[in-house]
Amino acid sequence: QTMHSSMDEYSGSFTYVSVPVFAEDGRVCGVVAVLTETYMLTDQINAMKKNVLLGIVITLIFIWLLMGEGLSYILAKSKAQMDAQERLARGEAVQKVFPHYYIRLMVFALFAAYNLTTTFLPMVITKGAFESLGSGCSPFVVALPISVNLFVIGVMALFCESLIRKCGLRNIIVIGTALSALSNLIVFMFPLSFLMLFLALVIDGIGVGLSTNAMYLMVSQIPEAKNRASGYAAYNAAQVSGINFGMLFGAALALNIGRRMIFPLVSLMWLVAALLFVLLWRSLGIAEKKAREASDEAPKTRFTPRRIISFLCHRRVWSYMLFVQAPFALMGSFVYYYLPLYSGNHALSEVVVAVLMMLYSMFAIYLGNSLTRWVVGRMKDFSPYASIILSAAAVVIYAVNGTFAGLLAAILLLGLANGFGHSVQQAHFSLLEECDEFGVPDAMGIYNFTEFIGQSFGPAVMGLVFLSRNMLTTTVLFATLLVCFCVFHFVTTVTKKTTQ
């Protein structure tokens, strides 16, 4: 007979199970008792409760994202059909309705594929670096593949338009998605080779840069202005939902089938995105010939090297990019690069990482406009620096606290800064006289390119700061440098205005 009981003594509280041991003749010759410390048992039960609750939350978010995309497609299509029927009933001419919901499907698939591995890719790269180069390799070297990946994505924006003129829009997107699919297969086949991982992320940077930029340029080539505006709205909405869906779905799959098995699924997802584009893009009214003609009609002298260099040599332009834009562009890597590494060292699941990343992005989605108006209205000329100082405070809070609570506080503050930082800085930069002389659209194109370049340095900087042996010291020095950049640029800008 098995007996269950508990006991309390000076060393702790225990729950135990006693099982009798029988001899060959059937007599009891001993007892085996297995004790479990009550606190450990309670901790395990609480962990199981948290996992169940987290699973419910993730399932609800997952259903919400899928239903949001599905309903938006169904409602938009049915509304267009109902409007056409009402016009036909009134005897009015029925024009062909622009299918902006197709853009939403294509963009959603594209960004979902790109973000399926976001929550654990830094850990895969780190493991490959340690296996190939040894555990003593520099954090800068470990972060190099992801930094180069972001850099190549930014560089491809410079060449995408000319490649479309030569090869055609459809071919560029198909080539880009094929390269991204190939890169994920390379990671799957060589997960422990740092050289092959580096090569795979370079190829992925080319593929993602081509496909995402070509998709955006496709929207810009939609014939009518009204339809083009609908296309941009669909693109932006699908980009956000695709990123969130990709992170969450990839994290959930990684828990069930392992990280390595996600990569061939990502390759398949890229091919699905390419197939959707090939099947649907002609319904947008963009013929291949028209797309090339639209690119050919663009001014060839807009981005000549001499003109770009002349623009960048203006003191207010390069100083703004160096002391304002670049520091804030780095901070996103705390969430998208350092957070997965933190989770690997502190036994946080990929799903928790995905939820934290979504929490970080929610401020920009739901509070972006109101936060931007409030910051600009209250802080005036100091508004571009507010997000940098808030980000500096966030990382110092994390470094001083060093716990998950400190990490959560840092992510919330960084999300708050992200909610208004980019839009405030872009608006402030566009008001410079030099931008007006150069042409605001062209100046903002260069600004977006330098934003990518700044982001590409983020993983290396975050690795050097937060993976050092004395993290508190390096973090305080980093935050102090950010504040000094703000003060220096603000003082020199105000002094320049005063002297004028």
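## Helix 16 and what covers it

In this predicted model, the buried residues of helix 16 are covered by a set of other helices that includes helix 4 (139–167), helix 10 (305–312) and helix 11 (315–345). Helix 14 (404–430), helix 15 (433–438) and helix 17 (458–466) are also among the elements that cover them.

Which residues of helix 16 are buried? Towards the start of the list come Asp442, Ala443, Met444, Ile446 and Tyr447, and the list goes on with Thr450, Glu451, Ile453, Gly454 and Ser456. Helix 16 itself runs over residues 440–456, 17 residues in total. From its first C-alpha to its last it reaches 24 Å, close to the 24 Å expected at 1.5 Å a residue.

## Two buried residues of helix 6

Let's turn to helix 6, which spans residues 194–220 and holds Ala214. Is Ala214 buried or exposed? Its relative accessible area is 0%, under the 20% cut-off, so Ala214 counts as buried. Setting aside neighbours within four places in sequence, Ala214 is in contact with Cys160, Ile164, Leu169, Ile172 and Ile173. Gly168 sits 46 residues away from Ala214 in sequence, with a C-alpha to C-alpha distance of 9.8 Å.

Thr212 lies in helix 6 too. With a relative accessible area of 13%, Thr212 is also under 20% and therefore buried. A polar atom of the Thr212 side chain lies 2.6 Å from the backbone oxygen of Val208. Not counting residues up to four places away in sequence, Thr212 touches Leu110, Phe111 and Tyr235.

## Cysteines

If you are thinking about cysteines, here are two to look at. Cys29 has a relative accessibility of 55%, over the 50% cut-off, so Cys29 counts as exposed. Cys435, at 0% relative accessibility, counts as buried. How many disulfides does the model have? With a cut-off of 2.5 Å between cysteine sulfur atoms, the count comes to zero.

## How confident is the model?

Across the chain, pLDDT averages 81, and 79% of the residues score at least 70. Which elements have the lowest and the highest mean pLDDT? Helix 9 (residues 288–296) has the lowest, at 49, and helix 13 (residues 383–401) the highest, at 93.

Residues 297–301 stay under 50 in pLDDT. Beyond four places in sequence, the model has four contacts for this stretch. Where pLDDT is low, predicted coordinates should not be read in detail.

How values were computed: Residues are numbered from 1 along each chain as its sequence is written. This is a predicted model: local features need pLDDT of at least 70, side-chain atom pairs count only at pLDDT 80 or more; totals for chains, interfaces and linings use all residues. Side-chain values use heavy atoms; hydrogens and water are left out. Buried means under 20% relative accessible area, exposed over 50%, partly exposed in between (1.4 Å probe, protein chains only). Helices (H or I, at least four residues) and strands (E, at least two) are DSSP runs, numbered from the N terminus. Contact means heavy atoms within 4.5 Å. A polar contact is a pair of N or O atoms within 3.5 Å; within protein, one must be able to donate a hydrogen and the other to accept it, and residues adjacent in sequence count only if both atoms are side-chain atoms. pLDDT is the predictor's confidence in each residue, from 0 to 100. The expected span of a helix is 1.5 Å times one less than its number of residues.
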